[in-house]
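Biologist: Got a minute to walk me through this one? Could you pull it up?

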Amino acid sequence: MNDFEILQNLSVGQYQPGNSAVHHLNPALKLVSLILGMIIVFASPLFPQLPVFFLLLFLTGRTAGLSLRNLLGGVRPVLPFLVLIALIQMFLIPRDHSGEALLQISRFGVYPEDLLFTARLFSRFFCLFLLFTLFTSVTTVSEISHGAELLFRPLGGKSGLSHDLSLVITITFRFIPLLALEAEHITKAQASRGGSFGTWRMGLVKKIRLYIPLLVPLFVAALERAEILVEAMEARCYEPGRERSRLNEYPWKGRDTAALCLVILAFFLLPGSRFLISMKLFI
Amino acid sequence: MPGTVSVAFIEFRNVSFTYPGQDRPALDRVSFSLEEGCHTALVGGNGSGKSTLARLLIGLLEPQEGEILVDGLDTRIQKNHRTIRSKAGLVFQDPSSQIVATVVREDAAFGPENLVLDSAEIQKRVEEALESVSISPLSRRGTHQLSAGQQQRLGMAGVLALGSRCLVLDEAESMLNPEGRKQLNTLLARLHGEGHSVLRITHFMDQAVCADRVMVLNEGRLAADGDPSLFIREREKLASWHLRETPVQELCRQLAGVFPGFPDFLKEEDLTAHLRREGYTVTLPPRLQKYSPPDSGISAELRGVHRVYGKKSGRPVTALRDLNFSLRKGESVSVLGQTGSGKSTFLQILNTLLLPDSGSITLLGENPMDKKTDLQALRSRIGLVMQQPEKQLFARLVGDDVAFGPSRMGVKGKALSLRVKEALDQVGLPFDRYRDYPVKALSGGQKRKAALAGILAMRPEILLLDEPTAGLDPLAAESMENILINLQKEGITLVLVTHNVEQALRFSRRLAVFRDGTILRDGDGAVFFQNHNPAEGGMDYPLAGRIAAALHKDAGGSILSADDLIASLTGRREG
């Protein structure tokens, strides 16, 4: 009980301040790398590409001064779900089995295909998780929004669309702690007036049922805050769709080109290598 | 422009404004002009049109009648807005809602970015602005990690970074504690000294009288305009404007009852100067009558209570440490202390919203740490009125909202409506009129009363209050205080958290002063002020004590109220 500290329990990727080369890469490049990295994870076969990719991410993290421990620290709360999914997939989803079962427990059998599948699930998950925390650890919110602005620029830079989109990203992140605090206030107020938040006997279903009526006041609070925010933004000369400038400029540097080349190389080599390897196998 | 008369910096000409769907105008034919470099205070009750005026001034709203000129530019013309807003900046009431970015320096940069300045210029302006509101060391912090006072200063930095020479503050101090307010005052005084114009909307009369000029808005009309001494000349009208005298003015009036012809003053320093000039002296009173708690059973008892926040995160914060406290039935205690000293956590522990990590706790004879205890039932016996409780009203009609608590307790039918009636009557909102009244149509002060009624309807044995009068206009605050004092007389056990020493003493002689997560002093307020420097709890002597201290260096701690002061003051005519 006493789980009112909603902000504390949020496990959003946290920026880790640093001064490494990885931190100083162009934000647009970081965003592109994130997207390409995701494609690599999904398009690569299991072995040896995913472990190699994991290693590459690990090395990049090292360059940024981040240990594997603090990069994967946030994975723990998700693990039980992952295991559950793996179990369901292994035992309850029918699959074509070519060989003998490796292990038979009553009517559930474990086949090589199942193991391969689970291994793939876990490696993909860990690669993705590492990719995301690495990205959020070295990129501030304003860099993300700036990067998005650069990438969206071809879509209508003149009309200020890209500026507005990047602002949307900033404000979204700004609202996370606000909403968490607001939710904390509302639950506490309801609890102190006889709502049953934070009492001893609380099943999962009851918990979910409790949180649904919370959404309405939370929504109202968010809208009220948004209204004030709009006024505050306008009071500071913001006009939607108008050109804005930036506190920090991120000029494209030599090292960005180098990093981009590496990312593109990995992008083609890792998923592409499946064909190279399979060809060799057939020869 | 040679040869022409200098134009006022801000000029309202016969301005009227009505919100859509409302039949009464929020502002009604208001005219005034402000010169550059002046410090003006705008006062008035909740809903008198002050915030509307501020929004009209920078063109967020457009007047339906009349015109507004800022530095000669008409606010109705869209393309003037950028120039107007970079000349006159608005700082809002809610410190956190006006922050756009997630990092301090990026938020300060938001305005200049909109002016499409180049990045070197923006950086220069941001640095200067953060420097001038003294939060440069925090420039790379997350904005949500700042205290309310710091957030409000960041709001001002954002305006200054635009190059603004005029600050409009819309009750900017109402959500700050005395420390934050003091810092804001110092900062404003400095900026005004450097030539900035300040238009300050405020509920604090003692702050309003520090301005060069005061304007009073009442129901959308400009009711008075002049230098602060108008509060003395038009004293009888103050109540009809939803205002009160400043505390000093009130004290002067009480003194006039004993010393006939005692003049009125608005500011503390004027009063003390007068007392000194006229040769008044203070004789130390005999030791005040000792405070003794009522001789009744124990209502709440905390022993060795410890509470840490954020245990799972990397940075745990100890909110309470080794706290011992006990409260008798029918007793009242005022809780004082700086922000972050643990007062709110303390209240939430008393309401079992939070439970201690270690230590023992007994509330109304029950042990909330025992998993068999029905916390829901226990909480309804200990009513907690949170800060700004009106924000938590969620039903559409007043009656329904008040009924929420008791109906959760299982009270039904006639008994339920009786409870609602009783609670609404207690807070001075007649049941017949307000039962089916929409919550949205209540004024600020009425909303807070309704929120209090929602707690009272559960018939709590202990009432916990977190700054019950913060943010209310002076008249509403007074009426709230009277309601609470009546409840106290009826015998309710009361724990009141406040930042206001005078208020604390009005409720109880027993003070609990918090510092660093524990109770530094607990007991008779008179003993505390006699033996300790109140600064150790981040406070000051009460007003009467401060005045006495100016006349006699040891008197500060012995004099707690106006009556004490009057009793110990000797005028020249007697001496």
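Biologist: How many helices and strands are there in chain B?

Modeller: Chain B has 21 helices and 21 strands. Those are DSSP runs numbered from the N terminus, with H or I of at least four residues for helices and E of at least two for strands. Bear in mind that this is a predicted model, where local features need pLDDT of at least 70, side-chain atom pairs count only at pLDDT 80 or more, and totals for chains, interfaces and linings use all residues. Residues are numbered from 1 along each chain as its sequence is written, chains are lettered from A and ligands numbered from 1 in the order in which they are written, and side-chain values use heavy atoms, with hydrogens and water left out.

Biologist: Ok. And what about chain A, which pattern does it follow along the sequence?

Modeller: Chain A comes to 10 helices and two strands. The pattern reads α-α-α-α-α-β-β-α-α-α-α-α.

Biologist: Back to B. What radius of gyration does chain B have, and why would you call that in agreement with a compact globule?

Modeller: Chain B has 25 Å, and a compact globule of 575 residues would have a radius of gyration near 25 Å, so the two agree. The radius is taken over C-alpha atoms, and the globule rule is 2.2 Å times the number of residues to the power 0.38. Along the principal axes, the C-alpha trace of chain B spans about 80 × 65 × 55 Å.

Biologist: How much of each chain is buried?

Modeller: In chain B, 55% of the 575 residues count as buried. In chain A, buried residues make up 43% of 283. Buried means under 20% relative accessible area, exposed over 50%, and partly exposed in between, using a 1.4 Å probe and protein chains only.

Biologist: And what share of the exposed area do carbon and sulfur atoms supply?

Modeller: For chain A they supply 71% of about 15,500 Å². For chain B they supply 48% of about 23,700 Å². The areas come from the Shrake-Rupley method with a 1.4 Å probe, and for residues only the protein chains shown count as cover.

Biologist: Which strands make up the open sheet of four in chain B?

Modeller: The order is 2-1-4-5, with antiparallel pairing. Strand 2 (27-34) and strand 5 (73-74) of chain B are at the edges with a single partner strand each, so one side of each has no neighbour in the sheet. Pairing here requires DSSP to find at least two bridges between two strands.

Biologist: How many bridges join strand 1 and strand 2 of chain B?

Modeller: Five, in the antiparallel sense, with strand 1 covering residues 10-17. Phe17(B) sits opposite Leu27(B) in strand 2.

Biologist: Now strand 12 of chain B. Which strands does it pair with?

Modeller: Strand 12 (residues 298-309) runs antiparallel to strand 13 (residues 317-328), joined by eight bridges. Strand 12 also pairs with strand 15 (residues 358-363), again in the antiparallel sense, over five bridges. Glu301(B) has Ser326(B) as bridge partner in strand 13 and Thr362(B) in strand 15.

Biologist: Switching topic: is Gly142(B) buried or exposed?

Modeller: Gly142(B) counts as buried because its relative accessibility is 14%. You'll find Gly142(B) in the loop between helix 4 (119-132) and helix 5 (148-160) of chain B. Beyond neighbours within four places in sequence, Gly142(B) is in contact, meaning heavy atoms within 4.5 Å, with Thr102(B) and Val103(B).

Biologist: How far apart are Gly142(B) and Thr102(B)?

Modeller: They are 40 residues apart in sequence, with 5.5 Å from C-alpha to C-alpha. Thr102(B) lies in the loop between strand 6 (88-91) and helix 3 (104-114) of chain B. Its contacts outside that four-place window include Val141(A), Thr170(A), Phe173(A) and Arg174(A).

Biologist: Last one: where is Arg510(B), and what about Val333(B)?

Modeller: Arg510(B) is in strand 19 (residues 510-515) of chain B, and Val333(B) is in strand 14 (residues 332-337) of chain B. Arg510(B) is buried at a relative accessible area of 7%, and Val333(B) is buried at 1%. Arg510(B) touches residues including Tyr291(B), Glu331(B), Val333(B) and Asp522(B). Among the residues that Val333(B) touches are Phe325(B), Leu494(B) and Leu511(B).
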